[in-house]
Amino acid sequence: QVQLVESGGGLVQPGGSLRLSCAASGSIDSIYDMAWFRQASGKQREFVAVIISRGTPTYADSVKGRFTISRDNAKNTMWLQMNSLKPEDTAVYYCNAHVRPTKGSSSNYYWGQGTQVIVSS
């Protein structure tokens, strides 16, 4: 089984910064792409950023230039550095990973439990 655990959420003032972490553990042979999604209250979950194993990150237009996604393949960990935060960034942030659990097995997408980010004065 694969587990994804996010951390780093909290309350921050507009213009502030937060750094989210996502640690993958369990039966992991390979992790392909890792991504962040978010879901604001009453809205659908939306894409924030994605990073493949060795490639250029991709961002949603709403966070481009403010958020930076990164990962450490050796540690199966991903981060989201969020700067210049706005009230509209308030949401539960979810980690998503495309994982092959064992050699020869099929790959699947896994989700973390989410971490709350509140941007408010």
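## Glu46 and its charged neighbours

Glu46 comes out as partly exposed in this predicted model, with a relative accessibility of 36%. Its side chain meets that of Arg38 in a salt bridge, 2.6 Å from N to O. Arg38, for its part, is buried, with just 5% relative accessible area. There's a bigger picture here too: salt bridges with shared partners tie Arg38, Glu46, Arg66 and Asp89 into one network.

## Other salt bridges

Searching the whole structure turns up six salt bridges. One of them pairs Asp29 with Lys103, with 3.3 Å between the closest N and O atoms. Asp29 sits in the loop between E3 and E4, while Lys103 sits in the loop between E9 and strand E10 (108-111), so this pair ties together parts 74 residues apart in sequence. As for accessibility, Asp29 is partly exposed at 26%, and Lys103 is exposed at 68%.

Then there's Lys64 with Asp61, whose closest N and O atoms are 3.0 Å apart. Asp61 is exposed, at 64% relative accessibility.

## Strands and hairpins

Strand E4 (residues 30-39) runs antiparallel to strand E5 (residues 46-51), and five bridges pair them up. Take Met34: its bridge partner in E5 is Ile51. The E4-E5 hairpin has six residues between the strands, and Gly42 there adopts a positive phi near 80 degrees.

E5 also pairs with strand E6 (residues 58-59), again antiparallel, through two bridges. Here Ala49 has Tyr59 as its bridge partner in E6. The connection from E5 to E6 is a hairpin of six residues.

## The disulfide

A search of the whole structure gives one disulfide. Cys22 and Cys95 make it, with their sulfur atoms 1.9 Å apart. The link is left-handed, at -60 degrees about the S-S bond. It connects distant parts of the chain: Cys22 belongs to strand E3 (residues 18-26) and Cys95 to strand E9 (residues 91-100), 73 residues apart. Both cysteines, Cys22 and Cys95, are buried.

## The nonpolar core

So what's in the middle? The largest nonpolar core has 30 residues, and Trp36, Leu80, Met82 and Tyr93 have the most contacts inside it. Plenty of strands chip in: E1 (2-7), E3, E4, E5, E7 (67-72), E8 (77-82), E9 and E11 (115-119) each supply at least two residues. E9 gives the most, with five.

Met82 is worth a look. Leaving aside residues up to four places away in sequence, Met82 touches Gly16, Ser17, Leu18, Leu20, Arg66, Phe67, Tyr93 and Val117. Arg66 on that list is also a member of the salt-bridge network.

Definitions and conventions: Residues are numbered from 1 along each chain as its sequence is written. This is a predicted model: local features need pLDDT of at least 70, side-chain atom pairs count only at pLDDT 80 or more; totals for chains, interfaces and linings use all residues. Side-chain values use heavy atoms; hydrogens and water are left out. Two strands pair if DSSP finds at least two bridges between them. Helices (H or I, at least four residues) and strands (E, at least two) are DSSP runs, numbered from the N terminus. A disulfide is a pair of cysteine sulfur atoms within 2.5 Å. Buried means under 20% relative accessible area, exposed over 50%, partly exposed in between (1.4 Å probe, protein chains only). A nonpolar core is a set of buried Ala, Val, Leu, Ile, Met, Phe, Trp, Tyr and Cys residues joined through side-chain atoms within 4.5 Å. Contact means heavy atoms within 4.5 Å. A salt bridge is a side-chain nitrogen of Lys or Arg within 4 Å of a carboxyl oxygen of Asp or Glu.
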